[in-house]
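The following note sets out points for a colleague who is reading this structure for the first time. Please keep the sequence and the 3D view at hand while working through the points.

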Amino acid sequence: MAGISWYQSNGKCSAQEQGMSVDQIPLYSLGDVQLRFLCPDDLDEVRALCQDWFPIEYPFYWYEEITSSTSRFYSLAAVYNQAIIGLIVAEIKPYASLNEEDTGILAKKFAERSDIAYILSLGVLKQYRRNGIASLLLDSLITHLTTSERRKVKAVFLHVLTTNSAAIKFYEHRKFRLHSFLPYYYSIKGRCKDGFMYVLYINGGHPPWTIYDYVKFMCGKVLSGGGFFPWILLNVNRAIQWIWNSKSNTQHEEN
Ligand SMILES: CC(C)(COP(=O)(O)OP(=O)(O)OC[C@H]1O[C@@H](n2cnc3c(N)ncnc32)[C@H](O)[C@@H]1OP(=O)(O)O)[C@@H](O)C(=O)NCCC(=O)NCCS
């Protein structure tokens, strides 16, 4: 294939030595890979790739939607030598619209007014894996989600088969954290398979606090010295004001 420089020719270690299969193509430079949004002409190519990568069958209309020029999805392709070698598909939705099994990602204070991004698909052509293509696609999505117009998006999440160790390692490497185990989440060729949900917090989003977080927070305040006492005073002051206000409201109602 034209334009590919092999590491071996530069005296670096071979694909096999790096633990790759011999069929893999180490890219010399990611600069030769272009990123562009999917378009209707990509439908057949994208469908063939997804059928190869994922054990889940997507309906035809799904491919029409992700390749549509007016798509609500963020559907980005990595292109090399005019062929799609990787793609990511994600969508932004209101946090309040999530299914029950996906709730509990964000702390309650975000529940009403936040959005969340969901990665529906991320895949790279087998020969081009471990070249940073998925990282490139994910970086582009995260850059898109962390612009000021999208600061309402407080987290990115996805589901993955518990047996998909490559994807799990990839997401953990990218600082996604395991949020939940979803028994029998997938139905693949009539058989139930378990899934995990992974989450990455962005734009100041965070999960509900646990006792451990409260203890850690208090310890942090104590260790940081001076800051702890103004914080205590502020909160005692707020508590007194709250009690005072509720007392005067009650008296007002009684009169
Ligand atoms: C998961 C997948 C998208 C990763 O794509 P990729 O382009 O190979 O990923 P990257 O090269 O950006 O990997 C970045 C890092 O993730 C980790 N990683 C990725 N694949 C890994 C693997 N197979 N084993 C161990 N670690 C892996 C490594 O830390 C890697 O950095 P390194 O290569 O410098 O060690 C790819 O394996 C794939 O397409 N799988 C099939 C489709 C799929 O399962 N998608 C996920 C559905 S949720």
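1. Isoleucine 116 is a suitable starting place. This residue is buried, because 26 other C-beta atoms lie within 10 Å, where 20 or more are needed for that class. Isoleucine 116 belongs to strand β4. Beyond its neighbours within four places in sequence, isoleucine 116 is in contact with Lys93, Tyr95, Leu98, Ile105, Val153, Lys154, Ala155 and Phe157. Glutamate 91 is 25 residues away from isoleucine 116 in sequence, yet the two C-alpha atoms are 8.4 Å apart in space.

2. The model under review is predicted. The protein contains 6 helices and 7 strands. Read from the N terminus, the order of these elements is β-α-α-β-β-β-α-β-α-β-β-α-α. Of the 255 residues, 22% count as buried. Among contacts with a separation of 6 or more, 65% join residues that are 24 or more positions apart.

3. Which residues of the largest nonpolar core touch the most other members? This core has 45 residues, and the answer is Leu87, Ile88, Leu137, Phe157 and Tyr198. At least two residues of the core come from each of α1 (43–53), β2, β3, β4, α3, β5, α4 and β7 (191–201). The largest contribution is that of β5, with 6 residues.

4. Isoleucine 88 offers a closer view of this core. When its neighbours within four places in sequence are set aside, isoleucine 88 is in contact with Leu76, Ile119, Ser121, Leu122, Leu137, Leu138 and Leu141. Two of these partners, Leu137 and Leu138, are among the buried residues of α3.

5. Helix α3 deserves separate comment. Its 13 residues reach 19 Å from the first C-alpha to the last, close to the 18 Å expected at 1.5 Å a residue. The buried residues of α3 are Ile133, Ala134, Leu137, Leu138 and Leu145. Why do they lie on the same side of α3? The reason is that they cover an arc of only 130° around the axis. The elements that cover these buried residues include β2 (74–80), β3 (83–94), β4, β5 and α4.

6. Helix α5 (residues 211–223) may be read beside α3. At 1.5 Å a residue, its 13 residues should span 18 Å, and the end C-alpha atoms are indeed 18 Å apart, which agrees. How many of the residues of α5 are buried? The number is 0, so α5 lies largely in the open.

7. Alanine 134 should be examined individually. This residue lies in helix α3, and it counts as buried because 24 C-beta neighbours lie inside 10 Å. Apart from neighbours within four places in sequence, the contacts of alanine 134 are with Gly86, Leu122, Val124 and Phe170. One of these partners, valine 124, is 10 residues away along the chain, and its C-alpha atom is separated from that of alanine 134 by 6.5 Å.

8. The surroundings of the ligand come next. Of the 19 residues around the ligand, those that come nearest are Arg129, Ala134, Ser135, Ala166 and Lys169. Two or more residues of this shell are given by each of β4 (115–124), α3 (133–145), β5 (153–161) and α4 (165–173). Helix α4 gives the most, with 5 residues. By type, the shell divides into 10 nonpolar, 6 polar and 3 charged residues.

9. Two backbone angles call for attention. Most residues other than glycine have a negative phi. Glutamine 82, however, has a phi near 65°, a positive value in a residue other than glycine. This residue is found in the loop between β2 and β3. Glutamine 82 is exposed, because 6 other C-beta atoms lie within 10 Å, and the limit for that class is 12 or fewer.

10. The second case is asparagine 203, which has a positive phi of about 50° although it is not a glycine. Asparagine 203 is found in the loop between β7 and α5. Is this residue exposed or partly exposed? With 17 C-beta neighbours inside 10 Å, asparagine 203 counts as partly exposed.

How values were computed: Residues are numbered from 1 along each chain as its sequence is written. This is a predicted model: local features need pLDDT of at least 70, side-chain atom pairs count only at pLDDT 80 or more; totals for chains, interfaces and linings use all residues. A residue is near a molecule or strand if its C-beta atom, placed from the backbone, lies within 6 Å of it. Helices (H or I, at least four residues) and strands (E, at least two) are DSSP runs, numbered from the N terminus. Ala, Val, Leu, Ile, Met, Phe, Trp, Tyr, Cys and Pro count as nonpolar, Asp, Glu, Lys and Arg as charged, and the others, Gly among them, as polar. The expected span of a helix is 1.5 Å times one less than its number of residues. The arc is that of the directions from the helix axis to the C-beta atoms. Two residues are in contact if their C-beta atoms, placed from the backbone, lie within 7 Å. A nonpolar core is a set of buried Ala, Val, Leu, Ile, Met, Phe, Trp, Tyr and Cys residues joined through C-beta atoms within 7 Å.
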